[in-house]
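User: Please take a close look at the internal space in this model. Then go on to the place where the ligand sits and describe what surrounds it.

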Amino acid sequence: MTEVGIDAIEIRTGNLRLDLPNTFAPQKGEDPEKYTKGLGLTGSSFPDSYEDIVTMAANAAHRLMERKGLEPEDIGRIDVATESAFDNSKPVSTYVAGCLEQVFEGDFHHANKGERKFACIAGTQSLDDAYNWIRAGRNRGRAAIVIATDTALYARDDPGEATQGAGAVAMLIDEEPDLVSLSLEQGYGSADETDFLKPNQQFPSVDGKRSVQVYLARMREALEDYKSVAGDIHPDDFAYGPFHTPFPGMVRKAAVLAYRNLIRDTDIEDVIGEQIGEQPRRDEFADDDAFVDALTDYTDALSETERYQHWYSATIEPTLGIAREVGNWYTASVHLARISALRHAAENDIDLAGDRLLVGSYGSGAQAEIHTETVQDNWREEIEALNVDEQLDRRYDLTFAEYEDVHDAHNHDMDTETEELTTPESEFVFDGWGRMGERKYRYVE
Ligand code: HMG
């Protein structure tokens, strides 16, 4: 069977940066270590006043197409995943295609365009849709562009404010991919939840503490479902585990639970058992409370073992590098985690070809998906072509007053404008409103 997966990938960050420990924490009267150690974040990417989900998506896709030498006729599908859309009818992908048609000769008139919504998991769902379209043989030899783009903004003073972010990841999905192929097997954990939602409002209503528990519950179900179709898996089967990363502290919580699940009934459980005992099993306890207490104690002890800490440093920590500097990019977050991991391998001269990734996507509301990916032979060349550091380094550092102004400028309920803090160059920018209330864009040379 021909492999299908991600052939190439690009990112686009918002052009501004909010420093959490040094600029945000003092204004909130919080200890900077709450952000750096607790949440695991040093900064958030933020959009300048001329940036939005369309400009970031189009800028990422433009670089992707130019770098791969693609023309519009090579693309049969443009899917955008976002939870920051501004139009309930016209999909963001039409705006993105309109932007790209300003800079390429041809057009996308025969490409299927759509928009996917299911909180942060929609980026992975779009990836799955493109995979299925190619697998079904309906692509006429053409590739798909999947873009995950979000301005992950919270209301001012919401606890989620510290986890904000803004950026896009564009992916080229094709047969015989250069970066990673996707497994046929998938596992899902899905339930009707009200932990995080935006009922016709720009900023989310969030039950933050509960959202953390819902994330963990759905991920566990997805892992079990994956194992039910793919068979048992072992933690050492995977080079990296890129998970949805609303903030790195969330992944720290998820990782130990995933490890506990994966080592059950394996040689690792036996080896670790010599230090901390075997994992508690439900049938050994009279009631649920006693079982949960024993499991919590075991998990705390597990997280302190050298074996676990070594696995975490090698398999999970490298996935968090970019998230620490940019915050939550919602639909793009797990795709940034994959890039972080592969960049880490390239920088440390680790040979990954043929290795597997355990990918955990999550979206509030709520659904998790687990699938695996196999790293392809040309992965290094692909990853080394990205300009992630350049993009992160050139962001403009906001003062707190500037942050307040630019947050207001992006607030749909406020009629305020603010001066641009950066000068656009070789990029798409928001250019005002059209006669039917549509957004207009132009390319700045
Ligand atoms: P909070 O109440 O401000 O923070 O909000 P906290 O008091 O819980 O502290 C956070 C962590 O920092 C804690 O660590 C503290 O102990 C630690 P934990 O105990 O949980 O391991 N801490 C410190 N550490 C070191 N030194 C210190 C210090 N002080 C505190 N001085 C909350 C946290 C997550 C609730 C908030 O950020 C929030 O509401 N975020 C938005 C919701 C969210 O991201 N949920 C995550 C799961 S849901 C999800 O991922 C989906 C999502 O991406 C949306 C989608 O799918 O569309 C959000």
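Analyst: The residues that line the largest cavity are P235, F238, Y240, G241, F243, L262, W311, T315, I316 and L358. The structure is a predicted model, and the count of cavities of 30 Å³ or more comes to one. The space inside the largest cavity is about 40 Å³. Helix α10, which spans residues 306–316, provides three residues of the lining, the largest share from any element. Sorted by class, the lining of this cavity consists of eight nonpolar and two polar residues, with no charged ones.

Next comes the pocket. The ligand sits in the second largest pocket, whose volume is about 780 Å³. This pocket is lined by 37 residues, and P159, G160, T163, G208 and F247 are the closest to its centre. Four helices, α1 (20–28), α2, α6 and α7, each supply at least two residues of the lining. Among the contributors, α6 gives the most, with six residues. The lining of the second largest pocket divides into 17 nonpolar, ten polar and ten charged residues. In contrast to the cavity, where no charged residue is part of the lining, the pocket has ten of them.

The ligand itself can be described by the shell of residues around it. There are 30 such residues, and those that come nearest are K34, E83, C120, K209 and K253. E83, one of these, has a polar side-chain atom 2.5 Å from an oxygen atom of the ligand. H244 also places a polar side-chain atom by a ligand oxygen, at 2.9 Å. With S364 the polar atom belongs to the backbone, and its distance from an oxygen atom of the ligand is 2.8 Å. Taken alone, the ligand would expose 1100 Å², and the protein buries 74% of that area.

Which elements give two or more residues to the shell around the ligand? They are α2 (32–39), α6 (208–230), α7 (248–263) and β11 (356–363). The largest share of the shell comes from α2, with five residues, whereas in the lining of the pocket α6 gives the most. By class, the shell holds 13 nonpolar, nine polar and eight charged residues.

Some of these elements lead on to two details of the backbone. The loop between β11 and β12 (367–375) contains A366. The peptide bond from G365 to A366 is cis, and its omega is near 5 degrees. The other detail is in the loop between α7 and α8 (267–276), where D265 lies. D265 is not a glycine, yet its phi is positive, at about 65 degrees.

To put the parts together: the largest cavity has a lining of eight nonpolar and two polar residues, and its largest share comes from α10. The second largest pocket holds the ligand, and E83 and H244 each bring a polar side-chain atom to an oxygen atom of the ligand, at 2.5 Å and 2.9 Å respectively.

Notes
Residues are numbered from 1 along each chain as its sequence is written. This is a predicted model: local features need pLDDT of at least 70, side-chain atom pairs count only at pLDDT 80 or more; totals for chains, interfaces and linings use all residues. Side-chain values use heavy atoms; hydrogens and water are left out. A residue is near a molecule or strand if one of its heavy atoms lies within 4 Å of it. A polar contact is a pair of N or O atoms within 3.5 Å; within protein, one must be able to donate a hydrogen and the other to accept it, and residues adjacent in sequence count only if both atoms are side-chain atoms. Accessible areas come from the Shrake-Rupley method with a 1.4 Å probe; for residues, only the protein chains shown count as cover. On a 1 Å grid over the protein atoms alone, a cavity is a set of points where a 1.4 Å probe fits but cannot get out, and a pocket is an open set with protein on both sides within 12 Å along at least five of seven lines; lining residues have an atom within 4 Å of a point. A molecule sits in a cavity or pocket if more than half of its atoms lie within 2 Å of its grid points. Ala, Val, Leu, Ile, Met, Phe, Trp, Tyr, Cys and Pro count as nonpolar, Asp, Glu, Lys and Arg as charged, and the others, Gly among them, as polar. Grid points are joined across faces, edges and corners, and a volume is the space filled by probe spheres set on the points.
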